[in-house]
Amino acid sequence: FERLPQAADSGGWLVQDEEAVAAQRGVVWDLIKQIGQNLTNGTSLTSITLPITISEPRSYLEMVADGWCYAPLFLKQAAVEADPVERMK
């Protein structure tokens, strides 16, 4: 059995990206807070949700900006429409 080159001498993995580790600590902390809140409130632990940062690493501002990248296309199309209802579609 040969050890992987990424493995630390004491076991586990060597940390290459401290920023990614800090982000993951934030996710774990959020999960711990949710578990604690559910336990103190007496609610089921099945209602714990995973933070959006797990599946979407971008900031809220970046996600909002994605929607606005199409604004010039739609605004030009709305400007040429004569019918007010069609402009709003």
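Helices, as the term is used here, are DSSP runs of H or I with at least four residues, numbered from the N terminus, and on that footing Glu-81 is found in the loop between H4 and helix H5, the latter covering 84-88. The structure is a predicted model, and its chain comes to five helices and zero strands. The chain has a radius of gyration of 23 Å, whereas a compact globule of 89 residues would have one near 12 Å.

**Overall form and surface**

- Read along the sequence, the secondary structure follows the pattern α-α-α-α-α, which agrees with the count of five helices and zero strands.
- Taken along the principal axes, the C-alpha atoms of the chain fill a box of roughly 70 × 45 × 25 Å.
- Buried residues make up 9% of the 89 residues in the chain, and the chain exposes about 8000 Å², of which carbon and sulfur atoms supply 63%.
- Among the contacts in the chain with a separation of 6 or more, 9% are accounted for by residues 24 or more positions apart.
- The chain carries 7 positive and 12 negative charges, and the mean positions of these two sets are 6 Å apart.

**Helix H1 and the setting of Gln-34**

- Gln-34 lies in helix H1, which spans residues 18-41.
- With a relative accessible area of 16%, Gln-34 counts as buried because this value falls under the 20% cut-off.
- Once its neighbours within four places in sequence are left aside, Gln-34 is in contact with Ile-48 and Thr-49.

**Salt bridges**

- Side chains of opposite charge can pair when their charged atoms come close.
- A search of the whole structure finds two salt bridges, and each is described below together with the accessibility of its partners.
- In one of them, the side chains of Arg-58 and Asp-66 meet with an N to O distance of 2.2 Å.
- Arg-58 has a relative accessible area of 34% and is partly exposed, and Asp-66, with 36%, is also partly exposed.
- In the other, Glu-86 pairs with Lys-89, the closest N and O atoms being 3.2 Å apart.
- Glu-86 counts as partly exposed at 34% relative accessibility, whereas Lys-89 counts as exposed because its 72% lies over the 50% cut-off.

**From helix H4 into the loop before H5**

- Val-80 lies in helix H4, which is made up of residues 71-80, and with a relative accessible area of 67% Val-80 is exposed.
- Measured against the sequence, Val-80 and Arg-58 are 22 residues apart, while in space their C-alpha atoms are 35 Å apart.
- Arg-58, the residue at the other end of that span, is the partner of Asp-66 in a salt bridge.
- Glu-81, in the loop between H4 and helix H5, is partly exposed, with a relative accessible area of 28%.
- Leaving aside its neighbours within four places in sequence, Glu-81 is in contact with Glu-86 and Arg-87.
- Glu-86 thus appears in two settings, in contact with Glu-81 and in a salt bridge with Lys-89.

Conventions: Residues numbered from 1 in each chain as written. Predicted model: local features only at pLDDT ≥ 70, side-chain atom pairs only at ≥ 80, totals over all residues. Heavy atoms only, no water. Helix = DSSP H or I, 4+ residues; strand = E, 2+ residues; numbered from the N terminus. Buried < 20%, exposed > 50% of the residue type's maximum accessible area, 1.4 Å probe, protein only. Contact = heavy atoms within 4.5 Å. Salt bridge = Lys/Arg side-chain N within 4 Å of Asp/Glu carboxyl O. Rg over C-alpha atoms; globule rule 2.2 N^0.38 Å. Areas by Shrake-Rupley, 256 points an atom, 1.4 Å probe, with all protein chains shown as cover. Lys, Arg positive; Asp, Glu negative; His and termini not counted. Charge placed at Lys NZ, Arg CZ, Asp CG, Glu CD.
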